Amino acid sequence: MSSDPFERPRAADGRAPDVFKMGGWIPMRQNRDGDEVDFAIVGTGAGGGTLAARLAEKGFSVVAFDAGPYFRPLEDFASDETAQEKLYWNDPRVVEGADPIVMGGKNSGKTVGGSMVHFAMVSLRFRPEWFKSRSTLGYGADWPIGWEEMWRYYDQVEKDLSISGPINYPWGPPRPRYPYRPHPLNAAAEVLARGCEAMGMKWTPTPLATVSAPRGEAHPCVYRGFCRFGCSTNAKQSTLNTYIPRAIRAGAEIRDLAMVGRIETDARDRATGVHYHRDGRWRFQKARNVIVAGYAVESPRLLLNSATDRHRHGLANGSGLVGKYLMTQPNQAVYGKSKDEIRWNKGPPSLAITEHWNYDDRKDFDGGYCWMGQGPLPIEWAKTVTASRGIWGDELRLAMQDYNYQVGVKMVGECMPSEANTVTLADQKDRYGLPVAKVTFGWSDNDKALIRHALDQMEMSLEAAGVTDLFRQEEDANHLGGTVRMGDDRRTSVVDADCRSWDVPNLFVCDGSVFPTVGGVNPSLTIQAIALRTADRIEQLAARGDI
Amino acid sequence: MRSMVEKRLGATHPRMTIMSGPTREADFADLVDDPAPAHVAREPRPGAPLRGYSHSVEIGQVRMVHGAAAMLAMSVLADSGIEHSRGQYHNPAMFTPLVSSTLSILASLDGAARSETSAHPLRLASYGIAMVVGLVGTAFHVHNITKKPGGFSWENLFYQAPIGAPAALSLSGLLGLAAEGIRDEKPGESPKLLGLPAAPALAGLTALGLLGTTAEVSLLHFRGNFQNPLMYLPVALPPIAAALTAEAALRPHKRPRPQAKLWLGITAALGVAGVAAHAYGTHRYSGGWKNWRQNLVDGPPIPAPPAFSGLALAGFAALALLERHGDD
């Protein structure tokens, strides 16, 4: 058994954990703090981990920091819902607003690999129109990137993660065949499919980032069902077992248990490196460029915490928009009881999906949503039943006995960007002495209309599939977006299409916070596609001396 | 081998090459002292005295075809045993292929051990049952696929009851019936299989069986994404053997077919190598062979590839018969 991953950094002494072997190590190049590396990357998730690999493969020197530990999937990911909460960003945050966001497992990660270590593996492309939703659909904001270009990077990330998906995807423009075949449906997915067929909607096996056949050192999925936690068999293709090992092989250094607290800038408004806390003390890593990839709460927090006299309102905040336009995706659900045994904890939770309402615009609100099969494990299920049905005690105990017969579907919806939804700094400080983030959020009327529509549709589909004793989970939200939005006008965005700050030319932000709109699908694939694009753009900019 | 055969045929029967060969009796009489038989399996096996052996019955080929039937049945027994226990025999009919394949194996062992020149009703019954159970099984599997959401979709073809698998049992039954047909000598008549001349029919059956098996392998290896390049071999190679065997069925001249034999040999070897490849594949599943109880079920089916070897054996027998008889 390896040492406690929280106790001291594992990526040290010229080596990093080999995630594929118990107690194994891989050699890792290390840099001294005084070495001016090409890129200091803050965060190792979908944005930072992907960039670390691609930039290192392009020959840049890279140090990537993560505040969380470096887990060994084969040893550290117990089949225990409570133990797995160690994967989340559980540091204090202040949440407020009309609909305060519950921070934790559904919208954060604090580990090398980021929240991809516990993401549900749902790997969807944006609807093409969403990249220009203001111009084509009349809401939100246009992205500074076109869908055709993004389509190419989606191809690349799907290959890199060996996404297992259907032979033909029923919506959107043609896409290449998914690298791996789809997974078998579990009973929960079949209920979704029957409901969709009864309503005349298309459905499909969900493209998932867990392999359906062996891939290198990764075993095929064993359908263990602990999919929204760490995958203990490495079937899940998270950053931790894909891009991170690639990054290290290509010469990047990963620093675990390394909390970056501040980006240093000089009098010429250039970033010079990052202050980070590791091994019990604050240190400074010199860097020619800094990339922030801490997701929609920690990225703006770091920029705001890096304020100087020259950047009084936070770094890269000339537009005043750092921390604004926070979005979270509606994640409401409808549940019920099947007369047949379902055992929805078997296999990945979201094996089937319908994107019908992402592509059908005949509705009286903006934005779209999809819904997917569900498989909450017992503790989460007990919480859901308690919160949604208000039952306790013996009644709850009896309700839990129906666990193997419960079935349901859950939406991932599009939230409208609103300047009033923000991440700012609170007065409270965390254990590093840094002001914590204050997250203010409330649903817009459009969001509420979208949620009502989705709940009605999901309920109808379950009824049509013969599910009884239906109830709604009306309070839930998941993935975040916004707060460091990209655009092609420095007055209305924080970064440009290359994720580069308008104000600090050697500072980049590359994660879900750059999304001008969040779409009605899970964001990880889009974050990674943007990271791949950013790596290519950085290479081009560097080649012409622009970095 | 080829030159010897040609020399022999050419010397004794100059018109052989235009398919108007000698009577069977003459042919067989000619071969009694042949030091280089058309196929080694034609020789009596030591320890199996051929009481009542008649030169007009190709007991060696009969044994080969029984062996082919047995190999297919064993493949079915092991494969359906694993797959149906995985399905927890939720429908009692799922026991049927186990029983039927066992009967087919017993009938084949019995048939291979005996050298009598007449079919046996119990063996015929076992093989007939296998043929029918395979057909009914196919219907069941089709039903299983179509009742699922999506119907005949890739998803269901990948993961519901394997549509091609029960056909292997029918094939075993048919091969067994072929063996009985060849064995069951009727004076003055050439052996028949379901009313057709036995040798070309057996060759045709082999070709169809190889193609069907290849189709099933293609589907399942596509499901496995051909993640190991070796997975292309059983998709690419058996159709060559199938084509050459089909050619023999359609143009059953009495002549040696070294190319067909070569490719059937490769196909037979593929069936054996496939077991090793699937054993290796099993090791790549989570926990590897230490976790054999799970991975024998979830990993690549170890008993499946020898179906190719069984079919190749039937093909060899068909070629040997054709080499003797042509389509007479």
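**Exercise 1. Strand β14(A) and its neighbours**

Work out how β13(A) and β14(A) run relative to each other, and how many bridges join them, in this predicted model.

*Solution.* Start with the pair itself: β13(A) and β14(A) run antiparallel and are joined by two bridges. For a landmark in the viewer, pick I353(A), which sits opposite M372(A) of β14(A). Now look at the pairing of β14(A) with β15(A), which is antiparallel too and has five bridges. Here C370(A) has V412(A) of β15(A) as its bridge partner. Last, check burial. A residue counts as buried with 20 or more other C-beta atoms within 10 Å of its own. Five of the five residues of β14(A) are buried, so the strand is largely enclosed by the rest of the structure.

**Exercise 2. The whole sheet**

Find the strand order of the open sheet in chain A, and say which strands are at its edges.

*Solution.* Step one is the order: six strands, arranged β6-β13-β14-β15-β12-β18 in chain A, with antiparallel pairing. Step two is the edges. β6 (204-205) and β18 (468-473) of chain A each pair on one side only, and that makes them the edge strands. Step three zooms in on β12 (residues 333-337) and β15 (residues 406-413) of chain A, an antiparallel pair with five bridges. Within that pair, K337(A) faces Q406(A) of β15(A).

Next, which helices pack on the sheet, and which strands do they touch? One of them is α5 of chain A (residues 187-198), which touches β13 (352-354), β14 (369-373) and β15 of chain A. The direction of this helix makes about 25° with that of β13(A). Another is α11 of chain A (residues 445-464), in touch with β12, β14, β15 and β18 of chain A. Its direction makes about 150° with that of β15(A).

**Exercise 3. A proline before the first strand**

Locate P9(A), decide whether it is buried, exposed or partly exposed, and list its contacts away from its sequence neighbours.

*Solution.* First, the location: P9(A) belongs to the segment before β1 (15-17) of chain A. Second, count neighbours. P9(A) has 18 other C-beta atoms within 10 Å, so it comes out as partly exposed. Third, set aside everything within four places in sequence; the contacts of P9(A) are then R255(A), D256(A), L257(A), R278(A) and D279(A). Take D279(A) as an example: 270 residues separate it from P9(A) along the chain, yet their C-alpha atoms are 7.5 Å apart.

**Exercise 4. Two helix pairs in chain B**

For α5(B) with α7(B), and then α3(B) with α4(B), give the packing angle and decide how the helices are oriented.

*Solution.* Take α5 (residues 121-146) and α7 (residues 165-183) of chain B: the angle is about 160° and the axes are 7 Å apart. Angles over 145 degrees count as roughly antiparallel. So α5(B) and α7(B) are roughly antiparallel. Their crossing is left-handed. Residues on the α5(B) side include Y127(B), M131(B) and H141(B), while those on the α7(B) side include L169(B), G173(B) and E180(B). By class, this contact has 11 nonpolar, nine polar and two charged residues.

Now repeat for α3 (residues 59-86) and α4 (residues 96-113) of chain B: here the angle is about 155°, with the axes 8 Å apart. Therefore α3(B) and α4(B) are also roughly antiparallel. The crossing of α3(B) with α4(B) is left-handed. Among the residues that meet are A70(B), M74(B) and L77(B) from α3(B), and L98(B), I105(B) and L109(B) from α4(B). This contact divides into 11 nonpolar, nine polar and one charged.

**Exercise 5. Chain B overall, and where it meets chain A**

Describe the make-up of chain B, then its side of the contact with chain A.

*Solution.* Begin with the secondary structure: chain B has 13 helices and two strands. Of its 328 residues, 48% are buried. Then take the contacts in chain B with a separation of 6 or more: 74% of them are between residues 24 or more positions apart.

Turning to the contact between the chains, 14 residues come from chain B and 18 from chain A. On the chain B side, α6 (154-159) and α8 (198-223) each supply at least two residues. The biggest share is from α6(B), with four residues. Sorted by class, the chain B side has six nonpolar, five polar and three charged residues.

Methods: Residues are numbered from 1 along each chain as its sequence is written. Chains are lettered from A and ligands numbered from 1 in the order in which they are written. This is a predicted model: local features need pLDDT of at least 70, side-chain atom pairs count only at pLDDT 80 or more; totals for chains, interfaces and linings use all residues. Axes are lines fitted to C-alpha atoms, for helices over the stretch in contact, and angles run from 0 to 180 degrees between N-to-C directions. Angles under 35 degrees count as roughly parallel, over 145 as roughly antiparallel, 65 to 115 as roughly perpendicular and the rest as oblique. A crossing is left-handed if the near helix is turned anticlockwise from the far one by less than a right angle, and right-handed if clockwise. Two residues are in contact if their C-beta atoms, placed from the backbone, lie within 7 Å. Ala, Val, Leu, Ile, Met, Phe, Trp, Tyr, Cys and Pro count as nonpolar, Asp, Glu, Lys and Arg as charged, and the others, Gly among them, as polar. A residue is buried if 20 or more other C-beta atoms lie within 10 Å of its own, exposed if 12 or fewer, and partly exposed in between; C-beta atoms are placed from the backbone. Two strands pair if DSSP finds at least two bridges between them.
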